[in-house]
Amino acid sequence: MSSPDLLPLGEIEFRYARCRRLLRTLVPDAGGMLVTSRLGIYYLTGTLGWGLVWLPVEGEPVLLLRKGVERAQLESPLRHILPFKSYKEITSLCAGCGSPLSSAIAVDKNGFNWSMAEMLQSRMEGVRFTSCDAVLAQARAVKSEWELEKLRRCGALHAKVLDEMLPERIHPGMSEFDVARTYVEAVFACGGSGMLRMNAPGEENFFGYASADTSGIYPTYYNGPLGCKGMCPAIPFMGNAERLWQKRALLSIDMGFNVEGYNTDRTQVYWSGAADTIPGPIRRAHAVCVEIFEQTAAALKPGAVPAEIWAEACAVAEREGQMDGFMGLGRDKVPFLGHGIGLTVDETPVFAKGFTAPLEQGMVVAIEPKIGIPGSGMVGLEHTLEITASGARPLTGTSKQIILIG
């Protein structure tokens with residue numbers, strides 16, 4: 001395995017320092033955190049292990065695995081990597097490594113199902129469990145330079161696919177599924193990893209959506225504004241093989257890109273025809289989305305408050321008479337403007353009411369103002385941006401307009 005694939009020691013020390021600082025602030029009575037989610041284990045160890053990792057507030061971390069110890073030893077810089085079979089062994093194994101468990105432990109509750117949690121409690125009597133989900137979310141929200149380098153590469157390739165490659169390969173008459181498949185082929189041709197992960201428990205995604213005309217306002221379970229019928233009820237992603245993109249119609253593509261585990265998100269709208277064939281309502285709605293995006297991008301600086309940015313976006317939509325369709329129609333409307341992104345598509349911060357923690361340098365966010373138009377579909381845009389000391393840095397290109405095809 002080449003060294004760029006491995007988590008550097010300095011990177012893991014950066015993550016531990018941040019997690020411990022947040023533990024002391026958010027869960028001061030916990031002596032450490034016990035993490036079982038696969039992605040949480042990867043973040044803390046550099047290997048996508050099956051088991052759990054104990055990170056004490058003081059002392060060395062311990063990685064306990066049900067399978068794959070040899071692989072973890074190749075991938076992770078941790079010194080203590082051991083096999084285990086039962087939760088009964090956790091206490092003695094950690095103590096044997098010089099990192100005993102504490103009487104109060106923070107666990108990633110979103111990573112445990114009910115039966116696992118009950119089993120853990122029954123095997124570790126006398127231990128009081130609390131949550132470290134906020135610790136992990138806030139730790140992952142601020143990216144290191146090592147992570148930012150991956151996200152910058154990811155965003156540049158994402159832009160290449162949507163701005164350069166796809167316009168040469170799609171045309172009216174293609175089905176949504178064929179458009180989505182063409183996108184996926186371009187992603188792999190560019191070296192994309194093809195794996196998009198979600199943070200919310202039970203949420204799934206497979207690349208995203210390609211939605212032709214009114215498919216963009218099709219009812220959806222997914223926590224986002226753009227609709228899509230998808231391949232079938234069991235796989236409501238990608239696009240429908242029977243739904244064709246017609247001439248003089250919208251095509252909205254909201255699909256992600258992944259490089260070495262890190263994601264960027266972007267939405268690009270295409271129109272099959274000349275600019276003068278785009279109906280007025282579509283042009284006006286898209287212009288409002290561009291205005292909201294530019295206003296938001298200018299506000300993305302350390303110290304800015306996501307809830308205030310959301311309120312300002314709503315004010316523009318209201319002023320321009322677009323609030324009914326802003327961020328979806330009817331019961332499919334979502335109450336947010338954007339979200340953090342990194343190892344998963346849906347991370348902290350969230351640009352919505354109630355999210356008052358200020359933005360920090362090193363956060364990476366996806367801003368996605370969209371407007372649903374009855375009878376036409378959905379317009380808007382989405383870009384992933386890095387928050388720097390001086391403001392927002394676009395990662396997925398700078399295109400904001402509808403791209404004309406054919």
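**Exercise 1. Classify E260 by its accessibility, then describe its backbone and place.**

Solution. E260 has a relative accessibility of 31%, so E260 counts as partly exposed; the classes are buried under 20% relative accessible area, exposed over 50%, and partly exposed in between, with a 1.4 Å probe and protein chains only. Next, look at the backbone: phi of E260 is positive, about 50°, although E260 is not a glycine. Finally, E260 sits in the loop between β8 and β9 (262-272). Helices here are DSSP runs of H or I with at least four residues, strands are runs of E with at least two, and both are numbered from the N terminus.

Before going on, a word on the model. It is predicted, so local features need pLDDT of at least 70 and side-chain atom pairs count only at pLDDT 80 or more, while totals for chains, interfaces and linings use all residues. Residues are numbered from 1 along each chain as its sequence is written, and side-chain values use heavy atoms, leaving out hydrogens and water.

**Exercise 2. Do the same for R248, and then find the cis peptide bond.**

Solution. R248 has phi near 55°, a positive value in a residue other than glycine. R248 belongs to the loop between β7 (208-212) and β8 (250-259). With 59% relative accessibility, R248 counts as exposed. As for the cis bond, it runs from T348 to P349, with omega near 5°. P349 is part of strand β11 (residues 347-350).

**Exercise 3. Which residues does I402 touch, leaving out those up to four places away in sequence?**

Solution. Start with the location: I402 is in the loop between β16 (391-394) and β17 (403-405). Its relative accessibility is 15%, so I402 counts as buried. Taking contact as heavy atoms within 4.5 Å, I402 touches Q268, V269, Y270, W271, I282 and H286. For a sense of sequence distance, I402 and T267 are 135 residues apart along the chain, and their C-alpha atoms are separated by 11 Å.

**Exercise 4. Compare the span of helix α9 with its expected value, and list its buried residues.**

Solution. Helix α9 covers residues 280-299, which is 20 residues. From first to last C-alpha it reaches 29 Å, close to the 28 Å expected at 1.5 Å a residue; the expected span is 1.5 Å times one less than the number of residues. The buried residues of α9 are G280, I282, A285, H286, V288, C289, V290, I292, F293, T296 and A297. To read that list, recall that an α-helix has 3.6 residues a turn, so residues three or four places apart point the same way. I282 and H286 are both on the buried list, and I402 touches both.

**Exercise 5. Is E11 buried or exposed?**

Solution. E11 lies in helix α1 (residues 9-26). Its relative accessible area is 6%, so E11 is buried. Beyond residues up to four places away in sequence, E11 touches S144, W146 and E147.

**Exercise 6. Describe the fold of the whole chain in numbers.**

Solution. The chain has ten helices and 17 strands. Its radius of gyration is 23 Å, close to the 22 Å from the globule rule for 406 residues, so the chain is as compact as a globular protein of that length; the radius is taken over C-alpha atoms, and the rule is 2.2 Å times the number of residues to the power 0.38. Along its principal axes, the C-alpha trace spans about 75 × 40 × 40 Å. Of the 406 residues, 55% count as buried. Finally, among contacts between residues at least 6 apart in sequence, 67% join residues at least 24 apart.
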